[in-house]
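Biologist: Could you take a close look at a single helix for me, and walk me through how it sits among its neighbours?

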Amino acid sequence: MPLRFDTHVSTAETDYGTVLLDGRAGNYWELNPTATLVVRTLLDGGEVADAAAVLVREFDIERAQALRDVEALVGDLREAGLAS
């Protein structure tokens, strides 16, 4: 399930993660470095399992927790109308 931001969403990476701007609503969203890592993996064509594997490797967390975290992030981005 690769991720794609909708056309009305602009992104900018910062020293603290990634900032998203919803051009329709004028709302800003800030992704922390961990969420940025997940999003970058998915935008590059990776699947949820790939993003979870990156979290397991980088942060030494359980695979099941990493999967839940990735799925929650993707769900939040889609629910907010930022991504498909």
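**A close look at helix α2**

Modeller: Let's start with what it packs on: the buried residues of α2 lie against α1 and α3. Keep in mind that this is a predicted model. The buried set in α2 is Val48, Ala51, Ala52, Val54 and Leu55. Looking down the axis of α2, you'd find its buried residues inside an arc of 155°, so they line one face of the helix. The length works out too: twelve residues at 1.5 Å a residue should span 16 Å, and the end C-alpha atoms of α2 are 16 Å apart, which agrees. Right after α2 comes Asp60, with a positive phi near 50°.

Now for the α1 side. Thr41 sits in helix α1, and this threonine is buried, at a relative accessible area of 17%, because the cut-off for buried is under 20%. Setting aside neighbours within four places in sequence, Thr41 is in contact with Gly46, Asp50, Ala51 and Val54. Ala51 and Val54 are also among the buried residues of α2.

What about the other side of α1? That takes us to an open sheet of three strands, ordered β1-β2-β3, with antiparallel pairing. Its edge strands, each pairing on one side only, are β1 (9-14) and β3 (27-31). On average, neighbouring strands of this sheet are turned by 20° against each other, direction ignored. Helix α1 (residues 33-43) packs on the sheet and touches β1, β2 and β3, its direction making about 95° with that of β3. Between β1 and β2 (residues 17-22) there are six bridges in the antiparallel sense; for instance, Ala12 has Val19 in β2 as its bridge partner.

Last stop, the nonpolar core. As a rule, nonpolar side chains in soluble globular proteins tend to be buried together. Here the largest nonpolar core has 21 residues, and Val70 and Leu77 have the most contacts inside it. The elements giving two or more residues to this core are α1, α2 (48-59) and α3 (63-79), with α3 giving the most, six residues. Leu77 is worth clicking on: not counting residues up to four places away in sequence, Leu77 touches Leu3, Phe5, Leu20, Leu31, Val39, Leu82 and Ala83.

So, back to your helix: α2 has its buried residues packed against α1 and α3, and α2 shares with those two helices the role of giving two or more residues to the largest nonpolar core.

Note on methods
Residues are numbered from 1 along each chain as its sequence is written. This is a predicted model: local features need pLDDT of at least 70, side-chain atom pairs count only at pLDDT 80 or more; totals for chains, interfaces and linings use all residues. Side-chain values use heavy atoms; hydrogens and water are left out. Two strands pair if DSSP finds at least two bridges between them. Helices (H or I, at least four residues) and strands (E, at least two) are DSSP runs, numbered from the N terminus. Axes are lines fitted to C-alpha atoms, for helices over the stretch in contact, and angles run from 0 to 180 degrees between N-to-C directions. Contact means heavy atoms within 4.5 Å. A nonpolar core is a set of buried Ala, Val, Leu, Ile, Met, Phe, Trp, Tyr and Cys residues joined through side-chain atoms within 4.5 Å. Buried means under 20% relative accessible area, exposed over 50%, partly exposed in between (1.4 Å probe, protein chains only). The expected span of a helix is 1.5 Å times one less than its number of residues. The arc is that of the directions from the helix axis to the C-beta atoms.
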